[in-house]
Amino acid sequence: RGASLSDLAEKIGVDAASLVQVLFHLGEMVTATQSVSDDTLEVLGAELEYNIEVVSPEDEDRELLESFDLEFGEDLGDEDDLAARPPVVTVMGHVDHGKTRLLDTLRKSNVAGGEAGGITQAIGAYQVQTTIDGVDRGITFIDTPGHEAFTAMRARGAKSTDIAVLVVAADDGVMPQTIEALNHAKAAGIPVVVAVNKIDKEAADPVRVRGELSEFGLIPEEYGGDTQFVDVSALTGEGLDRLLEAVVLTADAALDLRANPDMPAQGVAIEAHLDKGRGPVATVLIHRGTLRIGESIVAGSAYGRVRALINDKGENLTEAPPSMPVQVLGLTAVPGAGDNVLVVDDDRMARQIADKRGSRMRAAAQAVGSRRKTLDQLFEQLERGETQELLLILKGDGAGSVEALEDALSKIDVGEEVSLRVIDRGVGAITETNVSLAAASKAVIIGFNVRPTVHAQQMADRENVDMRFYSVIYSAIDEIEAALKGMLKPIY
Ligand code: GDP
């Protein structure tokens, strides 16, 4: 989103109204708070003899890291030092086709030696082992099914997935979200392995699934194409070994998944939350290098020294190699999903980078805050019936789930008359601050796997603030969609 003239005015210390005038003379009519294009900013700069360079947040961060002699994500190591790393997989597909069940069954079947009751921890991702041609191979699965989390991270420039497993129920066939998921995988340029699920069912027609997907460019290998289709049952476990094999073979054929394990570690936070006893906890996927206890790290605008590393089986580790999902303890704050994670020389450097990022984020939040005035105006318009907008505040149990929810909400299509806007979001219980913002802006609070504090609940009752709680993204989406559609007729 572009900056506004008042943002620019503040930066260069002039009156916003005069910028409006200058632009007017240049033949462009804009208001002070309206966001303008980068081109307009540059034209304006030239006129005022300012050299305005429009930098994206990504560029800004790159420059920040460069000033510490660091870079993120480019250097995986010299050719001679590269070692194979496991592929990272996201499971996608239409609702009810068995994504969650598939992830559950894979996780359970892989508990050390299949030992019953083995402890597995939901840390946002897990790794399974399979043997191919006598060689042990690992595969990392992201534990949030669906393309929402994956797309939200990609939107932030974080690459978290190497391969997509597209789940299609053999009794239902290709459905709208199947194609949507496929398109997301294509947009990200990642190869797809098709899991034709529910083959235990009477009505299963795996051949039809192959035919349908062929029309969308996924030609099964057995028909001369290059996509692996594997018939599976997430219920009985049938075919899952072959699915794992297909993932590894696809990775070997299409991707060069190697990294130097002996460099300072870099990776991405895929999930993070605040734990009562343990403080900020972030699940990190390492891209390169090996993360070790005692190292100084910076994760988004959080920093700290690695105090503990915990894997998906709840075991404490001393180090985490590339592609291994690991919970990191010891951060000073909760990073966002998609934030990059880097090992740096020492605590001081970690803190300096984190502080710089933090103040940038606050500045950006303030810019949004000053725009909130326009929300009031919009609300007046809404009351006058000129526009209809539902304002939301999202709170969830993890940065990943909040992002996934927001991303899914942004895709609700309700036509021209009404719209939906998320005015605040965050991780943790619903607080009085959230309720007072909701009361002031007449927003609805959505709690995803979180509840209000006692005081927040009392305040919400007093102020008549609408709070709704969900534990499944789809039911949240369904209900909000229904509410928005209800707004077309004034029931709300
Ligand atoms: P998701 O929405 O894609 O995550 O789907 P779920 O994993 O929640 O599965 C939807 C329903 O299908 C659940 O009732 C599952 O138990 C069921 N299911 C999933 N996989 C299979 C399968 O292979 N065979 C059968 N018979 N049912 C399945």
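Helices (H or I, at least four residues) and strands (E, at least two) are DSSP runs, numbered from the N terminus. The model is predicted, with local features needing pLDDT of at least 70 and side-chain atom pairs counting only at pLDDT 80 or more, while totals for chains, interfaces and linings use all residues. Residues are numbered from 1 along each chain as its sequence is written, and side-chain values use heavy atoms, with hydrogens and water left out.

**Exercise 1. Describe the chain as a whole, and then the setting of Ala282.**

Solution. Begin with the elements: the chain has 14 helices and 21 strands. Next comes burial, where buried means under 20% relative accessible area, exposed over 50%, and partly exposed in between, with a 1.4 Å probe and protein chains only; of the 492 residues, 48% count as buried. Then come the contacts, meaning heavy atoms within 4.5 Å: among those in the chain with a separation of 6 or more, 71% are accounted for by residues 24 or more positions apart.

Turning to the residue, Ala282 lies in strand S10, which covers residues 279-288. Ala282 is buried because its relative accessible area is 1%. Val328 is 46 residues away from Ala282 in sequence, yet the two are 5.3 Å apart in space, C-alpha to C-alpha. If neighbours within four places in sequence are left aside, the residues in contact with Ala282 include Val326, Gln327 and Val328.

**Exercise 2. Work out where Asp407 and Ala439 sit, and state whether each is buried or partly exposed.**

Solution. Take Asp407 to begin with: its place is in helix H11, and it counts as buried because its relative accessible area is 17%. Not counting residues up to four places away in sequence, Asp407 touches Glu148, Thr151 and Ala152.

Ala439, for its part, belongs to helix H12, residues 432-441, and counts as partly exposed because its relative accessibility is 25%. Beyond its neighbours within four places in sequence, Ala439 is in contact with Glu463 and Val465.

**Exercise 3. Characterise the lining of the second largest pocket.**

Solution. A pocket is defined on a 1 Å grid over the protein atoms alone, as an open set of points where a 1.4 Å probe fits, with protein on both sides within 12 Å along at least five of seven lines, and lining residues have an atom within 4 Å of a point. The volume, which is the space filled by probe spheres set on the points, these being joined across faces, edges and corners, is about 1000 Å³ for the second largest pocket. Of the 33 residues that line it, Asp143, Thr144, Pro145, Phe448 and Ser471 are the closest to its centre.

The elements that each supply at least two residues of this lining include helix H5 (99-109), helix H11 (399-410) and strand S9 (266-275), and the largest share, 6 residues, comes from H5.

**Exercise 4. Identify which residues come nearest to the ligand, and find polar contacts with its oxygen atoms.**

Solution. Counting a residue as near if one of its heavy atoms lies within 4 Å, there are 15 residues around the ligand, of which Asp96, Lys99, Thr100, Arg101 and Asp200 come nearest. A polar contact is a pair of N or O atoms within 3.5 Å. The side chain of Asn197 has an N or O atom 3.1 Å from an oxygen atom of the ligand, and a polar side-chain atom of Ser233 lies 3.2 Å from an oxygen atom of the ligand. For Ala234, a polar backbone atom is 2.9 Å from a ligand oxygen atom.

Notes: Nonpolar A, V, L, I, M, F, W, Y, C, P; charged D, E, K, R; others polar. Polar contact = N/O pair within 3.5 Å; in protein donor to acceptor, adjacent residues only side chain to side chain.
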